[in-house]
Amino acid sequence: ELNEYMENNDQGAYWYSRNYNFAVDMGLIAKEEFRINDMDRPITREEMSLLATRALYGRGEFVGSTAGVADLIADYSKIDYNYTSSVEVVYMMGIITGMDSIGTFAPKNGLTREQGSMVVYRILNPEVRVIPDALK
């Protein structure tokens, strides 16, 4: 689908415009959430949680309940309300883990390339996910 989209749509104002528009058209992101002008700034861990959750749902992976997960995240109160359910899902599924032994999530921190790559790797490879011990 992406290749066909790239062939049939204009380049746009930015080198990444077609990729951005594809993500919008496929429902991975909404223009209100991630403006095209902001694509050159680092993504936060809570924003990546939203994208990862949508990718998981797109793969047919759903979570019935995240009850109790918030209690495992040391800085849960720092997560923007719009991202709490996504953070709970990715934390529970071992996609984005805590930054330390007490479960600090650091929702406003940007992801490094290494961390972003690991998120994608864990989405695609469930056997390498790091499920918190309390949820096993």
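This passage describes the largest pocket, two helices, the salt bridges and some loop residues of a predicted model.

Residues are numbered from 1 along each chain as its sequence is written, and side-chain values use heavy atoms, with hydrogens and water left out. Since the model is predicted, local features need pLDDT of at least 70 and side-chain atom pairs count only at pLDDT 80 or more, whereas totals for chains, interfaces and linings use all residues.

A good place to start is the largest pocket, which holds about 790 Å³ of space. Of its 24 lining residues, Ile 29, Met 39, Ile 43, Met 48 and Leu 51 are the closest to the centre. Here a pocket is an open set of points on a 1 Å grid over the protein atoms alone, where a 1.4 Å probe fits and protein lies on both sides within 12 Å along at least five of seven lines; a cavity is a set where the probe fits but cannot get out, and lining residues have an atom within 4 Å of a point. Grid points are joined across faces, edges and corners, and the volume is the space filled by probe spheres set on the points. By class, the lining comprises 19 nonpolar, 1 polar and 4 charged residues (nonpolar: Ala, Val, Leu, Ile, Met, Phe, Trp, Tyr, Cys and Pro; charged: Asp, Glu, Lys and Arg; polar: the others, Gly among them). Helix 2 (17–25), helix 3 (45–58) and helix 5 (113–124) each supply at least two of the lining residues, and the largest share, 5 residues, comes from helix 3. Helices are DSSP runs of H or I with at least four residues, strands are runs of E with at least two, and both are numbered from the N terminus.

Helix 3 deserves a look of its own. Its 14 residues reach 20 Å from the first C-alpha to the last, close to the 20 Å expected at 1.5 Å a residue (the expected span is 1.5 Å times one less than the number of residues). In helix 3, 10 of the 14 residues are buried, so the helix is largely enclosed by the rest of the structure; buried means under 20% relative accessible area, exposed over 50%, and partly exposed in between, with a 1.4 Å probe and protein chains only. The buried residues are Arg 45, Glu 46, Glu 47, Met 48, Ser 49, Leu 50, Leu 51, Ala 52, Thr 53 and Leu 56. Their cover includes helix 4 (84–92) and helix 5, where contact means heavy atoms within 4.5 Å. Just after helix 3, Gly 60 adopts a positive phi of about 85°.

Helix 4 can be read alongside it. Of the 9 residues in helix 4, 7 are buried, so this helix too is largely enclosed by the rest of the structure. They are Thr 84, Ser 86, Val 87, Glu 88, Val 89, Val 90 and Tyr 91, and helix 3 is included in what covers them. Gly 94 follows helix 4 with a positive phi near 75°.

Turning to charged pairs, side chains of opposite charge can pair when their charged atoms come close. The model contains 6 salt bridges, each defined as a side-chain nitrogen of Lys or Arg within 4 Å of a carboxyl oxygen of Asp or Glu. Arg 54 pairs with Glu 33, with the closest N and O atoms 2.7 Å apart. This pair links distant parts of the chain, as Arg 54 lies in helix 3 and Glu 33 in the loop between helix 2 and helix 3, 21 residues apart. Arg 54 is partly exposed at 26% relative accessible area, and Glu 33 is partly exposed at 30%. Glu 47 and Arg 41 also form a salt bridge, at 2.6 Å from N to O; Glu 47 is buried at 7% relative accessibility, whereas Arg 41 is partly exposed at 37%.

Another salt bridge joins Glu 61 to Arg 129, with the closest N and O atoms 2.7 Å apart. Glu 61 sits in the loop between helix 3 and helix 4 and Arg 129 in the segment after helix 5, 68 residues apart. Glu 61 is buried at 16% relative accessibility, and Arg 129 is buried at 13%. Arg 59, Glu 61 and Arg 129 are linked in a network of salt bridges.

Finally, in the loop between helix 4 and helix 5, Ala 106 has a positive phi near 55° in a residue other than glycine. Ala 106 is buried at 12% relative accessibility.
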